[in-house]
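Here is a quick walk through one model, written for someone who likes to see the cut-offs. Have a look at the sequence and the structure first.

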Amino acid sequence: MTQFGRRQILYFPVGSGTGGIGSGTGGIGSGSGGVGSGTPRPTALSADGGLIPDPNSRRTDLDSLHPAMRDSVVHLLTRLDAEQIPFRLFEGFRSPWRQAWLYAQGRTRSGAKVTNAEPWESYHQHGLAADFVLWLNNQWSWSTVGAHKRYWKRLQEIGNEVGLVPLTWELPHLQVADLKIADLQRGIYPDGGDDPWRDNLEAAVVGWTGEPAAPAFASPRPEMPTSPR
Ligand SMILES: [Zn+2]
């Protein structure tokens, strides 16, 4: 396990990673449905001036996932593809702003409840979870009828074999096995975290001023240098 280091964040890295398996259109992890492109659209400024990504925008890039999750996603989708089971990465990293927006649905905003997790209570905010949805006839499908039922079973079976575990109440969801959310909320993460994952996560931690509070390990933004007089 590793503790967060004190790295300097000078700007909010909106979007990341061009090319590669989880970006753009057509890759195995791509969100070519239009709504969920890999690059969130910034719409506002956080309290400290960082850009806040559009809460209605899903992230499907792999860079913002912890390497433990990223590698599992690649293995999982490769194996599903070999069995001609058409899952795609629907959502990977999810910002605390988006989690709050989803949590509000069915509570302070109209619609059916879609989550019981508040910001930082979901593995998605830590880059350690992803949702997979069937891509059928050029659109997302949550169908579980007929042959599709077996597809979801294979998603979970292969997920288990590549180090992931499901949640009983959220069919498309898989997260890295053998972790505790309380550890993640304290900034204790699996070994092997790399810069793209860390930079993205730390930007969210530093920029988040809502409730519940961001993990306690937030490294403060460095003092601006005093300009010469
Ligand atoms: Zn999920």
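Which protein donors hold the zinc ion, and how far from it do they lie? They are His124 (NE2), Asp131 (OD), Glu170 (OE) and His173 (ND1), at 2.0 to 2.6 Å from the ion.

## Ground rules

This is a predicted model, where local features need pLDDT of at least 70 and side-chain atom pairs count only at pLDDT 80 or more, while totals for chains, interfaces and linings use all residues. Residues are numbered from 1 along each chain as its sequence is written, and side-chain values use heavy atoms, with hydrogens and water left out.

## The zinc site

A donor here is an N, O or S atom within 2.8 Å of the metal (3.2 Å for Na, K and Ca), and water is not among the atoms, so sites may look incomplete. Along the chain, the zinc donors follow the spacing H-x6-D-x38-E-x2-H.

Why is the arrangement irregular? Because the four donor atoms subtend angles of 88 to 148° around the zinc ion. For reference, four donors count as tetrahedral if all angles lie between 85 and 135 degrees; four count as square planar and six as octahedral if opposite donors are over 155 degrees apart and all others between 65 and 115; anything else is irregular.

Two of the donors are out of reach of the probe for the most part, going by the burial labels: His124 is buried at 1% relative accessible area, and Asp131 is buried too, at 5%. Those labels run as follows: buried is under 20% relative accessible area, exposed is over 50%, and partly exposed is in between, with a 1.4 Å probe and protein chains only.

## The fold in brief

The protein chain has five helices and nine strands, where helices (H or I, at least four residues) and strands (E, at least two) are DSSP runs numbered from the N terminus. Read from the N terminus, the order is β-β-β-α-β-α-β-β-α-β-β-α-β-α. Of its 229 residues, 49% count as buried.

Helix H5 takes in residues 195-207, 13 in number, and its first and last C-alpha atoms are 18 Å apart, close to the 18 Å expected at 1.5 Å a residue. That expected span is 1.5 Å times one less than the number of residues. H5 is mostly covered, with ten of its 13 residues buried; among them are Trp197, Arg198, Glu202 and Gly207. In the segment after H5 sits Pro212, and the peptide bond leading to it from Glu211 is cis, with omega near -10°.

## Pocket and cavities

The largest pocket comes to about 540 Å³. Of its 28 lining residues, Arg94, Val114, Thr115, Asp131 and Glu170 are the closest to the centre. Asp131 and Glu170 are also zinc donors. Strand S4 (87-91), helix H2 (96-104) and strand S8 (170-176) each supply at least two lining residues, and S8 gives the largest share, five. By type, the pocket lining divides into twelve nonpolar, nine polar and seven charged residues.

There are also two cavities of 30 Å³ or more, and the largest holds about 50 Å³. Eleven residues line that largest cavity, with Pro53, Ser57, Arg59, Ser95 and Arg98 nearest its centre; the lining splits into three nonpolar, two polar and six charged.

The terms work like this. On a 1 Å grid over the protein atoms alone, a cavity is a set of points where a 1.4 Å probe fits but cannot get out, and a pocket is an open set with protein on both sides within 12 Å along at least five of seven lines; lining residues have an atom within 4 Å of a point. Grid points are joined across faces, edges and corners, and volume is the space filled by probe spheres set on them. Ala, Val, Leu, Ile, Met, Phe, Trp, Tyr, Cys and Pro are nonpolar, Asp, Glu, Lys and Arg charged, and the others, Gly among them, polar.

## Loops to click on

Trp169 lies in the loop between strand S7 (164-167) and S8, and is exposed at 65% relative accessibility. Its C-alpha is 9.7 Å from that of Thr115, 54 residues away along the chain.

Trp120, in the loop between H2 and strand S5 (129-136), has a positive phi near 75° without being glycine, and is buried at 1%. Asn137 has a positive phi too, about 50°, but is exposed at 72%.
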